[in-house]
Amino acid sequence: MAAGIGAMKFTDKIYNADCVAGMRRLPDGAVDLVITDPPFAIDFKAQRSNYNRTASRVMDGYNEIPASQYADFTQAWMREVYRVVKPTGSVFVFSGWNNLKDILIAADDIGFVTVNHIVWKYQFGVACRRRFVTSHYHCIFLCKDDAKRKFFPNARFDKSAKAENGGSLRYRDMEDVWTIKREYWHGDKKTPTKLPAEVVEKILAYTSEEGDLVLDPFLGSGQVAVVSKMRKRRYMGFEIVEEYYAFAKERLDKNAYRIAAENSNTNHPACLFTGHV
């Protein structure tokens with residue numbers, strides 16, 4: 001990992017490094033917000049055909065964690081997150097149902113306060129013959145101090161904003177079930193997993209301010225860092241897979257939300273950070 005992580009030198013940077021080792025070099029209470037989607041531990045196959053995408057455009061190298069090691073792995077990185085986040089900060093951890101228990105146990109063991117258990121419902125799932133379709137993702141909203149954490153209930157909608165049915169638009173937006181579509185990046189380079197910009201933007205709006213430092217210990221495509229930069233937050237993160245790190249850095253360096261794949265026939269220009277994606 002690049003040297004020089006110090007109190008004033010780690011913002012607006014990402015590192016090709018293991019996140020536990022990287023976070024150990026950060027000062028206590030340096031981070032305002034953590035948004036992260038850790039590895040699945042389900043023998044994930046990044047280029048499976050049932051994900052409805054062109055496999056040649058999906059970058060390989062997904063760093064999986066063996067299920068037998070997942071509990072210890074989760075305890076290790078979440079302990080460092082607890083140390084580096086501010087008392088006024090928040091932590092959002094995304095997870096499938098398979099290893100959710102390890103995240104919940106670690107959160108309690110370490111001393112996090114659980115604020116919400118959010119369910120993100122997306123537009124398609126994994127169909128199976130002997131169980132119901134899995135078409136949602138869990139997001140655990142944590143903090144260190146429930147009395148001090150930032151939260152801005154009017155960040156997206158005023159109390160007077162009305163939905164089409166006449167109900168409160170703010171109330172609907174603040175419910176703990178989020179129906180947000182996955183993004184399709186047709187013809188573009190992509191990593192196998194990526195949070196939609198709308199999910200990241202919603203978290204940023206409600207729990208952070210411009211200039212706050214947002215950390216993602218498992219950067220992947222760099223989505224959290226990219227959207228944070230777009231929304232005038234400082235960012236930092238770690239990604240152990242070199243190819244993913246390079247892709248995330250390219251997006252940040254070029255201020256490009258999407259980058260066309262080399263074998264793509266798409267003609268759309270890269271979406272620059274000039275407005276909402």
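This briefing describes the confidence, the helix and strand packing, the aromatic contacts and the backbone of one protein chain. The structure is a predicted model. Its mean pLDDT is 84, and 79% of the residues of the chain reach 70 or more. Residues 42-62 stand apart from this, with pLDDT below 50.

**Confidence**

- In the model, the stretch 42-62 makes 49 contacts beyond near neighbours in sequence.
- Where pLDDT is low, the predicted coordinates should not be read in detail.

**Helix α2**

- Helix α2 covers residues 70-84, a run of 15 residues. At 1.5 Å a residue its expected span is 21 Å, and its end C-alpha atoms lie 21 Å apart in the model, so the two values agree.
- The buried residues of α2 include the aromatic side chains Tyr70, Phe73 and Trp77. Also buried in this helix are Thr74, Gln75, Met78, Glu80, Val81 and Val84.
- Helical elements that cover these buried residues include α1 (19-23) and α3 (100-110). Strands that contribute to the cover include β2 (31-36), β3 (85-95), β5 (134-143) and β7 (213-216).
- Three residues of α2, namely Tyr70, Phe73 and Trp77, join Phe218 in one aromatic cluster.

**Strand β2 and its partners**

- Strand β2 is largely enclosed by the rest of the structure, because 6 of its 6 residues are buried.
- With β3, strand β2 pairs in the parallel sense over 5 bridges. Within this pairing, Ile35 has Phe92 of β3 as its bridge partner.
- With β7, strand β2 also pairs in the parallel sense, over 2 bridges. Here Leu33 stands opposite Val214 of β7.
- Both partner strands, β3 and β7, are among the elements covering the buried residues of α2, as is β2.

**Aromatic pairs**

- The chain holds 11 aromatic pairs.
- Tyr15 and Phe238 are one stacked pair, with 5.7 Å from centre to centre and 25° between the planes. This pair links distant parts of the chain, since Tyr15 belongs to strand β1 (residues 13-15) and Phe238 to strand β8 (residues 234-238), 223 residues apart.
- Tyr15 is buried because its relative accessibility of 5% lies under the 20% cut-off. Phe238 is likewise buried, at a relative accessible area of 0%.
- Trp120 and Tyr122 form an edge-to-face pair, with centres 5.3 Å apart and 65° between the planes. Both of these residues are buried.

**Charges over rings**

- Arg182 lies over the face of Tyr122, at 3.9 Å from the ring centre. The ring of Tyr122 is thus shared between this contact and the pair with Trp120.
- Arg251 places its charged end over the ring of Tyr257, 5.2 Å from the ring centre.

**Backbone with positive phi**

- Most residues other than glycine have a negative phi.
- Asp12 is not a glycine, yet its phi is positive, at about 55°. Asp12 lies in the segment before β1, and its relative accessible area of 38% makes it partly exposed.
- Asn255 also has a positive phi, near 50°. Asn255 is located in the segment after α7 (242-254). Its relative accessibility of 29% falls between the cut-offs of 20% and 50%, so Asn255 counts as partly exposed.

Terms used: Residues are numbered from 1 along each chain as its sequence is written. This is a predicted model: local features need pLDDT of at least 70, side-chain atom pairs count only at pLDDT 80 or more; totals for chains, interfaces and linings use all residues. Side-chain values use heavy atoms; hydrogens and water are left out. Helices (H or I, at least four residues) and strands (E, at least two) are DSSP runs, numbered from the N terminus. The expected span of a helix is 1.5 Å times one less than its number of residues. Buried means under 20% relative accessible area, exposed over 50%, partly exposed in between (1.4 Å probe, protein chains only). Contact means heavy atoms within 4.5 Å. pLDDT is the predictor's confidence in each residue, from 0 to 100. Rings of Phe, Tyr and Trp (its six-membered ring) pair if their centres lie within 6.5 Å; planes under 30 degrees apart count as stacked, over 60 as edge-to-face and the rest as tilted. A charge sits over a ring if NZ of Lys or CZ of Arg is within 6 Å of the ring centre and within 35 degrees of the ring normal. Two strands pair if DSSP finds at least two bridges between them.
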